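Hi,

Here is the structure I promised to pass on. Have a look at it first, and then read on for what I found.

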Amino acid sequence: MAATEVEAGPPAARRVDLIGLGALLVAGALIAAIGMRLITGSLAVLATVLLLAVVLGLVFAAVAGGPDTRRRLAPYGLLKPGMLWLALFYLAPLFTLLRASLSTLPSRFAVEAEFDWNFGNYADAFSDFGAQFGRGFLYAGIATLLCVVIGYPLAYVIAFRGGRWRNVLLGLVVVPFFTSYLIRTIAWSSLLADSGPIVGTIEGLQLTGLFEAAGIIDNGRLINTPAAVIGGLTYNFLPFMILPIYVSLEKIDPALIDAAKDLYSTAGAAFRKIVLPLSVPGVFAGTLLTFIPAAGDFINAEYLGNPNTTMVGNSIQDQFLVQNNTPLASAMSFVLMIIIVVAVLSYTKLLGTEELS
Amino acid sequence: MSAPTSSRGAAARWGLNLYAAIGLLYLFVPIAWIVWFSFNEPKGRYNIVWQRFTLENWSDPFSNESLTDAFAQSLKIAAISTAIATLLGSMIAVALSRYSFKGSSGLNLFLVLPLTTPEIVLGSSLATLFLDWDVTRGFTTVVIAHIMFQVSFVALTVRARVRGFDWTLEQAAQDLGASPMRTFWKVTFPLILPGILAAALLSFALSIDDFIITLFTAGSLSTFPLYINGSFRVQFPPQANVLATMILLASVSLLLIGVIRSSRRGVVGSS
């Protein structure tokens with residue numbers, strides 16, 4: 001982050017900062033607690049009044065204080081609406097998800113679950129859906145790797161050889177963003193179908209045996225195979241890989257590479273020692289932006305896969321919206337989130353970069 | 001970059017360019033399919049096998065009533081949520097890039113979290129919240145959910161765009177006697193507007209195309225992606241391709257306008 005470290009101001013200014021931050025945090029905590037229904041009944045009314053008082057109090061303080069006070073309180077005021085929205089509709093739902101995951105459905109046909117510290121949902125999630133968890137992360141992992149393999153050279157060529165076409169090429173990469181995700185996936189299901197052009201081409205070139213041996217084609221079919229699901233994931237998240245890699249490559253000064261060549265470095269060594277290390281933040285951001293949505297995806301597995309290629313996303317969706325087993329679905333959802341948080345944190349530690357955002 | 005010195009170098013160079021070209025082509029195969037099949041005259045209810053060329057789907061893109069209704073809902077949701085999220089997100093972006101204040105790094109991290117949470121977790125957690133509140137899921141809950149993920153997106157996109165912004169210009173305006181209000185509307189706002197518009201366009205596209213979070217918060221409401229998914233087992237009308245192509249054309253032309261305008265400004269600025 002650029003220049004957002006706290007300036008060492010006079011004590012009065014620091015006190016104003018603390019008041020602003022405190023008001024923001026108190027308001028956020030109050031609205032989240034009301035959303036979680038931890039505060040109910042007349043206490044909730046009191047909390048709402050308190051919330052309004054905090055917000056209005058800050059406005060009053062800004063108006064009553066001098067220009068300097070106003071200046072120091074301004075960022076907190078600007079942040080408040082958006083942050084409170086996130087506190088109520090991002091933070092509070094994670095809590096209700098946790099509570100739902102520890103609840104029990106009174107009967108098979110009941111809709112409303114009752115909270116009773118039922119950890120059995122987590123045991124069920126692992127015992128009944130372990131395979132789906134495994135497949136979800138495996139497919140997402142392979143798709144992420146493929147995205148690097150396809151996306152890095154593409155980003156490299158655009159950044160270093162695009163010349164005046166750079167922006168146009170980059171625009172082309174973004175275009176798939178603007179066509180419906182679902183229809184794109186349906187397009188793939190039609191392209192990969194038994195009578196579709198791709199299978200036809202492979203058969204025409206008599207390469208079916210080769211693709212069977214590679215495990216891509218199964219019994220002469222391309223659709224409804226793990227390869228099709230992974231291919232769909234790779235396709236749908238590829239732009240998320242290309243863009244951050246491009247951004248990090250674009251920042252590299254070409255003079256650095258020229259300097260290396262002047263010093264008799266080979267092109268390969270110049271790439272390994274200069275370009276590659278400097279593009280690590282882009283690859284890091286790209287893998288996160290690809291892996292996280294891919295791990296929770298269920299559209300590709302639904303449209304391109306078969307019942308044996310379902311991912312954890314399919315199970316959560318099915319349990320939540322079809323079987324109406326909210327507690328079990330919530331437990332799976334919560335586990336998915338925890339695994340991803342842990343994975344992201346250890347990955348961040350491994351690659352150590354501050355350019356996450 | 002220096003010219004290739006050996007034929008091996010040249011071959012490697014062209015090999016890489018070819019590889020990248022194939023990668024770009026890969027991105028466009030399904031897009032081409034979508035556009036091409038919007039001109040198909042399908043046999044039966046599935047527009048997934050090529051029959052013959054027709055302009056009929058384009059002459060009457062809104063003939064499928066439930067599809068059109070769903071599409072209109074998507075546009076309405078995207079318009080409302082984008083307007084609110086752009087306002088809230090831009091305010092956050094200005095706060096984070098314009099001011100240095102206590103707690104900014106922590107708040108910054110909090111802002112990134114929704115974008116690093118899988119959509120299915122966001123969707124299912126919001127569903128548990130609305131179940132908990134005993135709220136009927138529908139239009140409003142979808143708008144609320146979309147604003148939630150758009151706010152973070154807008155804030156980060158706008159912040160990235162205003163990162164190199166020279167805030168001393170504001171100081172200069174005020175030194176010349178402009179009031180803070182006047183400074184904002186005459187100096188700051190015009191300079192950050194392109195970033196805000198780009199973020200709004202992208203988040204509009206995110207909203208219109210969102211499927212997973214919408215599925216969990218929509219209840220019985222139908223949106224464009226929800227309609228496609230729900231009806232796919234019984235039909236897939238060519239009008240879906242026409243509407244998808246329309247979204248594509250509209251956003252690409254907006255992007256083009258943006259690119260042309262910014263490059264023109266670049267020319268003026270450098271001369």
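Helices here are DSSP runs of H or I at least four residues long, strands are runs of E of at least two, and both are numbered from the N terminus. Counted that way, chain B has 11 helices and 0 strands. Please keep in mind that this is a predicted model.

**Chain B**

Read along the sequence, chain B is simply α-α-α-α-α-α-α-α-α-α-α. Its radius of gyration is 23 Å, well over the 18 Å that the globule rule gives for 271 residues, so chain B is more spread out than a compact globule. The C-alpha trace of chain B spans about 70 × 70 × 35 Å along its principal axes. Of those 271 residues, 42% count as buried. Looking at contacts in chain B with a separation of 6 or more, 78% come from residues 24 or more positions apart.

One helix to look at by eye is α7(B), residues 168-175. Is it buried or in the open? Of its 8 residues the number buried is 0, so α7(B) lies largely in the open. Just after α7(B) comes Gly177(B), with a positive phi of about 100°.

**Chain A**

Chain A has 14 helices and 2 strands. Its radius of gyration is 26 Å, where a compact globule of 357 residues would be near 21 Å. The C-alpha trace of chain A measures out at about 80 × 70 × 35 Å along the principal axes. As for burial, 43% of the 357 residues of chain A make the cut. Of the contacts in chain A with a separation of 6 or more, 71% are between residues 24 or more positions apart.

A few single residues in chain A are worth clicking on:

- Trp117(A) is not a glycine, yet has a positive phi of about 50°. Trp117(A) sits in the loop between β2 (114-115) and α4 (120-161) of chain A. There are 9 other C-beta atoms within 10 Å, and the cut-off for exposed is 12 or fewer, so Trp117(A) is exposed.
- Gln206(A) is another residue other than glycine with a positive phi, near 55°. You'll find Gln206(A) in the loop between α7 (197-204) and α8 (208-213) of chain A. Gln206(A) counts as exposed because it has 8 C-beta neighbours inside 10 Å.
- Asp218(A) is in the loop between α8 and α9 (226-250) of chain A. With 16 other C-beta atoms within 10 Å, Asp218(A) is partly exposed. Its C-alpha atom is separated by 9.5 Å from that of Thr208(A), and these two residues are 10 residues apart along the chain.
- Leu138(A) belongs to helix α4 of chain A. Leu138(A) has 14 C-beta neighbours inside 10 Å, so it counts as partly exposed. Leu138(A) and Ala295(A) are 157 residues apart in sequence, but 8.5 Å apart in space, C-alpha to C-alpha.

**Where the chains meet**

How many residues of each chain are in contact with the other chain? The count is 73 residues of chain B and 82 residues of chain A. On the chain B side, the elements giving two or more residues are α1 (7-37), α3 (65-98), α4 (104-112), α5 (119-133), α6 (139-161), α8 (180-209), α10 (224-231) and α11 (238-270). The largest share of that side, 13 residues, comes from α1(B). By class, the side of chain B that touches chain A has 50 nonpolar, 18 polar and 5 charged residues.

One helix pair across the two chains is a good place to zoom in. The axes of α13(A), residues 312-322, and α5(B) come within 11 Å and cross at roughly 15°. Angles under 35 degrees count as roughly parallel, so that is what α13(A) is with respect to α5(B). The crossing of α13(A) past α5(B) is left-handed.

Which residues make the contact between α13(A) and α5(B)? From α13(A) they are Gly313(A), Ile316(A), Gln317(A) and Phe320(A), and from α5(B) they are Ile120(B), Ser124(B) and Ala127(B). That contact has 4 nonpolar, 3 polar and no charged residues.

Cheers

Methods. Residues numbered from 1 in each chain as written. Chains lettered and ligands numbered in written order. Predicted model: local features only at pLDDT ≥ 70, side-chain atom pairs only at ≥ 80, totals over all residues. Contact = placed C-beta atoms within 7 Å. Nonpolar A, V, L, I, M, F, W, Y, C, P; charged D, E, K, R; others polar. Axes fitted to C-alpha atoms, helices over the stretch in contact; angles between N-to-C directions. Parallel < 35°, antiparallel > 145°, perpendicular 65-115°, else oblique. Left-handed = near helix turned anticlockwise from the far one by under 90°. Rg over C-alpha atoms; globule rule 2.2 N^0.38 Å. Buried ≥ 20, exposed ≤ 12 C-beta atoms within 10 Å, placed from the backbone.
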